[in-house]
Amino acid sequence: MVLTMMRVQLWFAAALFGACAFVPVAQSQPAKGKVVPKLEPVAETKLLMEGMADPNTRALGKILAAKPKDAESWAFARGQALLLAETGNLLLMRPPKTKEGQDPWLTHAANLRESATALARAAAAKDYVQARTALAGVANACNRCHQSFRVGVRVDPFADDR
Ligand code: HEC
């Protein structure tokens, strides 16, 4: 049941990402017969946080609260980690307009992509200790960006553990 709900979340996130991935292609301008895809942000950052970053991080906290017992759970965790890594890519497309905000934004978004990719690798290797460490790294990447941009949201995927 829990897994079914998480699956729904994952599909929701996948659908959101699918929409983001599709629109730029649809708007591509053919140049000499060649299609040049142009990436354009679709959802507001807030929606990206609510639709992808937050639900996938929470679900990973739950799935990694104890060592996953079967290959299916690990595969699921890996999919969620990959969605977080792709969220990093989507954030890279929408830096703030102010000049001084751009560098930190791009750094934090790239850190999210990197730490979530490390988590996906740990899940692929079914390495529980490594996966938990990587999820803590993901939360750090979230929190560092929030601190930089004075967003009052503290991310702690293991909060329910205690
Ligand atoms: C590159 C910067 C950046 C990163 C990385 C980032 N966030 Fe955010 N986050 C923001 C900004 C900016 C907002 C405020 C958006 C707004 O209110 O318009 C925000 C808002 C939020 C919110 C509140 C949304 C709401 O409804 O107001 C949540 C929850 C959140 N982030 C979760 C996360 C999680 C979980 C991660 C890591 C997986 C993460 N964020 C990574 C920049 C970031």
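Leu 119 touches Ala 81, Ala 131, Ala 134, Leu 135 and Val 138 in this predicted model, when residues up to four places away in sequence are left out of the count. Leu 119 also belongs to the largest nonpolar core, a set of 33 residues in which Ala 77, Ala 81, Leu 119 and Val 138 touch the most other members. The elements that contribute two or more residues to this core are H2, H3, H4 and H5, and the largest share, nine residues, is supplied by H3.

From the core we can turn to the ligand. The shell around the ligand holds 22 residues, of which Lys 46, Met 49, Ala 53, Cys 142 and Cys 145 come nearest. Two or more residues of this shell are given by each of helix H2 (45-63), helix H3 (71-92), helix H4 (99-124) and helix H5 (128-148), with H2 providing the largest share, seven residues. In chemical character, the shell around the ligand divides into 15 nonpolar residues, four polar residues and three charged residues.

How far these details can be read depends on the confidence of the prediction. The mean pLDDT of the chain is 86, and 80% of its residues reach 70 or more, whereas over residues 17-27 the pLDDT is below 50, although this stretch has 16 contacts in the model beyond near neighbours in sequence. Where pLDDT is low, the predicted coordinates should not be read in detail.

Key:
Residues are numbered from 1 along each chain as its sequence is written. This is a predicted model: local features need pLDDT of at least 70, side-chain atom pairs count only at pLDDT 80 or more; totals for chains, interfaces and linings use all residues. A residue is near a molecule or strand if its C-beta atom, placed from the backbone, lies within 6 Å of it. Helices (H or I, at least four residues) and strands (E, at least two) are DSSP runs, numbered from the N terminus. Ala, Val, Leu, Ile, Met, Phe, Trp, Tyr, Cys and Pro count as nonpolar, Asp, Glu, Lys and Arg as charged, and the others, Gly among them, as polar. A nonpolar core is a set of buried Ala, Val, Leu, Ile, Met, Phe, Trp, Tyr and Cys residues joined through C-beta atoms within 7 Å. A residue is buried if 20 or more other C-beta atoms lie within 10 Å of its own, exposed if 12 or fewer, and partly exposed in between; C-beta atoms are placed from the backbone. Two residues are in contact if their C-beta atoms, placed from the backbone, lie within 7 Å. pLDDT is the predictor's confidence in each residue, from 0 to 100.
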